[in-house]
Amino acid sequence: MPPKIPLVDLKAQYESIREDIDSAIRRVLDHRAFIRGPEVDSFEKEFAEWCGAKYCAGVGSGTEAIYLALRALGVGRDHNVITSPHTFIATTEAITLTGAETRFVDTLPDTFNLDPDLLEQAIDSNTRAIVPVHLNGHPARMDEILPIAERENLIVIEDAAQAHGAIYKGKNAGTLSEAGCFSFFPGKNLGAYGDAGAVVSNDDGLIEKIRKISNHGRSEKYIHDIEGFNFRMDSLQAAILRAKLPHLNGWIEKRREKARRYSDLLQGIKGLTLPVEEDECLSAWHLYVIQVDRRDECLEELNAKGIQAGIHYPIPLHLQPAYAYLGYPVGSFPVAERVAKKILSLPLYPEISDEQQVYVAKCLIQFFTA
Ligand SMILES: *Cc1c(COP(=O)(O)O)cnc(C)c1O
């Protein structure tokens, strides 16, 4: 039997902090403030501080965070919003839910983030916002994106769902624009034990508005200033996230260490391209993504050897059936389309062992030298 190496190992993490988690859950059962209440209030403060942002609104998921940030900033019908086609569909679902239309621009070949050089030509008079995604935990080129947005009078919000702890020129991803949107989906760098998300911002008016929309437009009990919805963060999840937050910097350090180790083990293999970090960027290494020839064959071989590698994401969004209505033919975004056929995410989590990484590397080297 080959060893089993999962893509992420949530059991190993739980075992390392079991006492903290169990007592956080017990605390909520004891005070029984299940909806909003002190856990969510405290998490919002603690997470904002951790990010280096002034304010935070806890919400139900990362998808909701993106939607709420866009809506609270006035994005809606008759607008279009620019993002990359190489992301999870949540980014564009959130855009569509505001009533706006998604407009894609192609990606950079090394980091898979939005290519700022292609932005200007995609902007028209209905463009209202840009949503750069810090994909795989690597920061987007904000210093090129933000001046274009400013010149064109556009809103920028970051999809930082994969980028807790990513650093761009000394600042945390998610704090570089009007608002940063985080996901606490269990497998993310900071994961709840269910769905949760957050928006961080230095604009208290914006965060207040997001809190209000996410809580039925309520200013006080049974007074509804506007029609909102239920997009609240669950208090049990907030308590779990509070228990995990003190460990997050250590986990991100571990990810960096393990990513460096992969890069040492895998350098110089013909047919295999290593992930990069751009100047003045520190990736949060949500995923360690290599590019390989014969990707599907390679993935099959790794799976057969007990290695749960993955593909994030196999089909660019403009080619998904759900976006046929946008009318982008094959060939619209050649970089994103080419990269989607070559990317392969290797197992990476703070607890992955040296032996596990050596085994993954050995299997890859065998595949490419056979
Ligand atoms: C996970 C993710 C989201 C959505 O977050 P959920 O909490 O699952 O709703 C959005 N964008 C990206 C890039 C993601 O990876």
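Which residues line the second largest pocket? I'll start there today, and keep in mind that this is a predicted model.

So, the lining. Going along the chain, you meet Arg36, then Glu208, Arg211, Lys212, Ser214 and Asn215, and after those Arg218, Ser219, Glu220 and Lys221. Sort them by class and you get 7 charged residues, 3 polar ones and no nonpolar ones at all. The space in this second largest pocket comes to about 220 Å³. Two elements give two or more residues to the lining, namely helix 7, residues 204–214, and strand 10, residues 218–220. Helix 7 is the top contributor, with 4 residues.

Okay, now the largest pocket. The volume here is about 460 Å³. There are 25 lining residues, and the ones closest to the pocket centre are Phe88, Gln162, Phe185, Lys188 and Tyr313. By class, the lining of the largest pocket splits into 12 nonpolar, 10 polar and 3 charged residues. Helix 4 (62–72) and helix 5 (90–97) are the elements that supply two or more residues to that lining. Helix 4 gives the most, and that's 3 residues.

Where does the largest pocket sit relative to the domains? Let me set up the domains before I answer that. The chain is divided into domain 1, residues 10–246, and domain 2, residues 248–369. Their centres, taken over C-alpha atoms, are 24 Å apart. As for the contact, 45 residues of domain 1 touch 36 residues of domain 2. And the largest pocket lies between the two domains, because both of them give residues to its lining.

Let me go back to Tyr313 for a moment, since I listed it among the residues closest to the centre of the largest pocket. Have a look at the backbone there: the peptide bond from His312 to Tyr313 is cis, with omega near 10°. Tyr313 is in the loop between helix 9 (295–304) and helix 10 (334–340). For background, most peptide bonds are trans.

There's another backbone spot to flag, at Asn153. Its phi is near 60°, so to speak on the positive side, and this is a residue other than glycine. You'll find Asn153 in the loop between helix 6 (142–152) and strand 5 (155–159).

Last topic, a helix pair. Two packed helices are described by the angle between their axes and the distance between the axes. Here I mean helix 8, residues 235–266, and helix 11, residues 354–369, whose axes come within 10 Å and cross at roughly 35°. What is the handedness of the crossing of helix 8 and helix 11? It's right-handed. On the helix 8 side, the contact uses Lys258, Arg261, Tyr262, Leu265 and Leu266. Facing them from helix 11 are Asp354, Gln357, Val358, Val360, Ala361, Leu364 and Ile365. By class, that contact has 8 nonpolar residues, 3 charged and 1 polar.

To wrap up, if you have the structure open, go back to two places. One is the second largest pocket, with 7 charged residues and no nonpolar ones in its lining. The other is the largest pocket, between domain 1 and domain 2.

Terms used. Residues are numbered from 1 along each chain as its sequence is written. This is a predicted model: local features need pLDDT of at least 70, side-chain atom pairs count only at pLDDT 80 or more; totals for chains, interfaces and linings use all residues. Side-chain values use heavy atoms; hydrogens and water are left out. Axes are lines fitted to C-alpha atoms, for helices over the stretch in contact, and angles run from 0 to 180 degrees between N-to-C directions. A crossing is left-handed if the near helix is turned anticlockwise from the far one by less than a right angle, and right-handed if clockwise. Contact means heavy atoms within 4.5 Å. Ala, Val, Leu, Ile, Met, Phe, Trp, Tyr, Cys and Pro count as nonpolar, Asp, Glu, Lys and Arg as charged, and the others, Gly among them, as polar. On a 1 Å grid over the protein atoms alone, a cavity is a set of points where a 1.4 Å probe fits but cannot get out, and a pocket is an open set with protein on both sides within 12 Å along at least five of seven lines; lining residues have an atom within 4 Å of a point. Grid points are joined across faces, edges and corners, and a volume is the space filled by probe spheres set on the points. Domain bounds come from an automatic or database domain assignment.
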